[in-house]
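Here are a few exercises to work through with the model open in your viewer. Try each task before you read its solution.

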Amino acid sequence: MLSSRVRLVATTARLVRSLIYSSSRSFMDLKALLSSLNDFASLSFAESWDNVGLLVEPSPPHTVNTLFLTNDLTEEVMEEALQKKADLILSYHPPVFRPMKRITWKTWKERLVIRALENRVGIYSPHTAYDAAPQGVNSWLAKGLGVCTSRPIHPSKAPDYPTEGTHRVEFSVTHTQDLDKVISALKEITGVSVTSFSARTDGEEQTRLSLNCTQQALMQVVAFLSQNRQFYQKTEILSLEKPLLLHTGMGRLCTLDESVSLATMIERIKSHLKLSHVRLSLGKGKTLESPVKVVALCAGSGSSVLQGTDADLYLTGEMSHHDVLDAASQGISVILCEHSNTERGFLSDLRDMLGAHLENKINIILSETDRDPLHVI
């Protein structure tokens, strides 16, 4: 009897603490929350073909007390989100991808939009922005390999150019009397910034002009310079590139501190992803005892990201039959875990990271019904 009372008191205490903790949370305005989410992982990291960001928005103002995390937003998951009073659903995969011509009750994705709007629930999807982020899905997947160093297979580019404009135009002006006239004319072109410096060419003192200009302004600059053969024949036009971000990008190429057998690596991956089975293609001439030192990985569907990468092992969710054959012919073993099994486990880490990033201002909960649609039986 005493034992039962002790358990009852302990349970009641936990419940009270939970209620106090929950009630201490504050709301966040949707726009403020979206800004914070973008600070956590910029949507500019996403692939150009992707559909990321806020996909469904209730009429403003909209405040968020509960953020609901899921890998895939199915109708079953939507029902769970509504039962748990979610104000914003963060669905890793975008439930709205292809354009919709109508919103009716006919298809399940249309029904998701209808139910979200009727219940004033927003839908946000980061998808490939989280794939590329330094603290994102692929970095989480790499944690299951063991101690290693990693870098993106395809590094992302910075969202902005390091300087104004997309092109740099350089040419020399020999005669000082022409300099002021040329600079004045160029500065009248919108989207052009001009700097000058002294240079010596063939023993002759000259003034070198360097222009940063936009794509649109470039044609006007070229048209101006072409009117003077002296300038135009000595003009250099450079296309400026956005700088690469060393720790941000698609896929990861991971080099283990110590080689392990393929069999050991399989067990590590199964343990990390909490899977009882994975699919394996042995590379040409390889066995389960073959050493693995370099692993190329990509969460989800990795064919396009991994193709052509030199590694002992490819790890991804799914690849086409012919891409697996190509890898095997090159002596590269392939482990396939099904698409979302290589992504879903990241959400637990994401919950903790977002909690810290948002200073625990809102409730963040994980879906309990979200799961990969494919099962081994």
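**Exercise 1. A buried asparagine**

Task: Leaving aside neighbours within four places in sequence, find which residues Asn341 is in contact with, then describe its surroundings.

Solution. Please keep in mind throughout that this is a predicted model.

Step 1. With neighbours within four places in sequence left out, the contacts of Asn341 are Leu273, Leu275 and Asp372.

Step 2. Now place the residue: Asn341 sits in the loop between strand 18 and helix 13.

Step 3. Check its accessibility. Buried means under 20% relative accessible area, and Asn341 counts as buried at 18%.

Step 4. Look for a polar partner of the side chain. One of its polar atoms lies 2.8 Å from the backbone oxygen of Cys337.

**Exercise 2. Unusual backbone geometry**

Task: Compare Glu338 and Lys85 by the sign of phi, and say for each whether it is buried or exposed.

Solution.

Step 1. Recall the background: most residues other than glycine have a negative phi, and most peptide bonds are trans.

Step 2. Take Glu338, which is in the loop between strand 18 and helix 13 (346–357). Its phi is positive, near 80°, and the residue is buried, with a relative accessible area of 17%.

Step 3. Take Lys85, found in the loop between helix 3 (75–83) and strand 5 (88–91). Here too phi is positive, about 60°, although the residue is not a glycine. Lys85 counts as exposed, at 62% relative accessibility.

Step 4. Add a peptide bond to the list. Pro60 and Pro61 are joined by a cis bond with omega of about 0°, and Pro61 belongs to the loop between strand 2 (53–56) and strand 3 (63–64).

**Exercise 3. The open sheet**

Task: In what order do the six strands of the open sheet come, and which strands stand at its edges?

Solution.

Step 1. Reading across the sheet, the order is 7-14-16-17-18-15, and the pairing is mixed.

Step 2. The edges are strand 7 (148–151) and strand 15 (279–281); each has a single partner strand, so one side of each lacks a neighbour in the sheet.

Step 3. From one strand to the next, the twist averages 25°.

Step 4. Zoom in on one pairing. Strand 7 and strand 14 (residues 252–261) run antiparallel and are joined by four bridges. Within this pair, Thr149 stands opposite Thr255 of strand 14.

Step 5. Add helix 10 (residues 262–273), which packs on the sheet and touches strand 14, strand 15, strand 16 (291–301), strand 17 (313–318) and strand 18 (333–336). The direction of helix 10 makes about 120° with that of strand 14.

**Exercise 4. The buried side of a helix**

Task: Which residues of helix 12 are buried, and what do they pack against?

Solution.

Step 1. Position the helix: helix 12 (residues 321–329) lies across strand 15, strand 17 and strand 18, and runs at about 145° to strand 18.

Step 2. Its buried residues are Val324, Ala327 and Ala328. They span an arc of only 100° around the axis, so they lie on the same side of helix 12.

Step 3. Relate this to helix geometry: an α-helix has 3.6 residues a turn, so residues three or four places apart point the same way.

Step 4. The buried residues of helix 12 pack against strand 15, strand 17 and strand 18.

Step 5. Look just beyond the helix. Helix 12 is followed by Gly331, with a positive phi near 80°.

**Exercise 5. Aromatic rings**

Task: How many aromatic pairs does a search of the whole structure find, and which rings form a cluster?

Solution.

Step 1. The search of the whole structure gives three aromatic pairs.

Step 2. One of them is Phe40 with Tyr130: 5.9 Å centre to centre, 80° between the planes, edge-to-face. Phe40 is in helix 2 (residues 30–40) and Tyr130 in helix 5 (residues 128–132), so this pair ties together parts 90 residues apart in sequence.

Step 3. Check burial: Phe40 is buried, with a relative accessible area of 11%, and Tyr130 counts as buried at 1%.

Step 4. Tyr130 also pairs with Phe346; the ring centres are 6.2 Å apart and the planes are at 75°, so this pair is edge-to-face. It links Tyr130 in helix 5 to Phe346 in helix 13, 216 residues apart, and both residues are buried.

Step 5. Put the pairs together: Phe40, Tyr130 and Phe346 are linked by ring pairs into a cluster.

Conventions
Residues numbered from 1 in each chain as written. Predicted model: local features only at pLDDT ≥ 70, side-chain atom pairs only at ≥ 80, totals over all residues. Heavy atoms only, no water. Pairing = 2+ DSSP bridges. Helix = DSSP H or I, 4+ residues; strand = E, 2+ residues; numbered from the N terminus. Axes fitted to C-alpha atoms, helices over the stretch in contact; angles between N-to-C directions. Contact = heavy atoms within 4.5 Å. Buried < 20%, exposed > 50% of the residue type's maximum accessible area, 1.4 Å probe, protein only. Polar contact = N/O pair within 3.5 Å; in protein donor to acceptor, adjacent residues only side chain to side chain. Phe/Tyr/Trp six-rings, centres within 6.5 Å; stacked < 30°, edge-to-face > 60°. Arc of directions from axis to C-beta.
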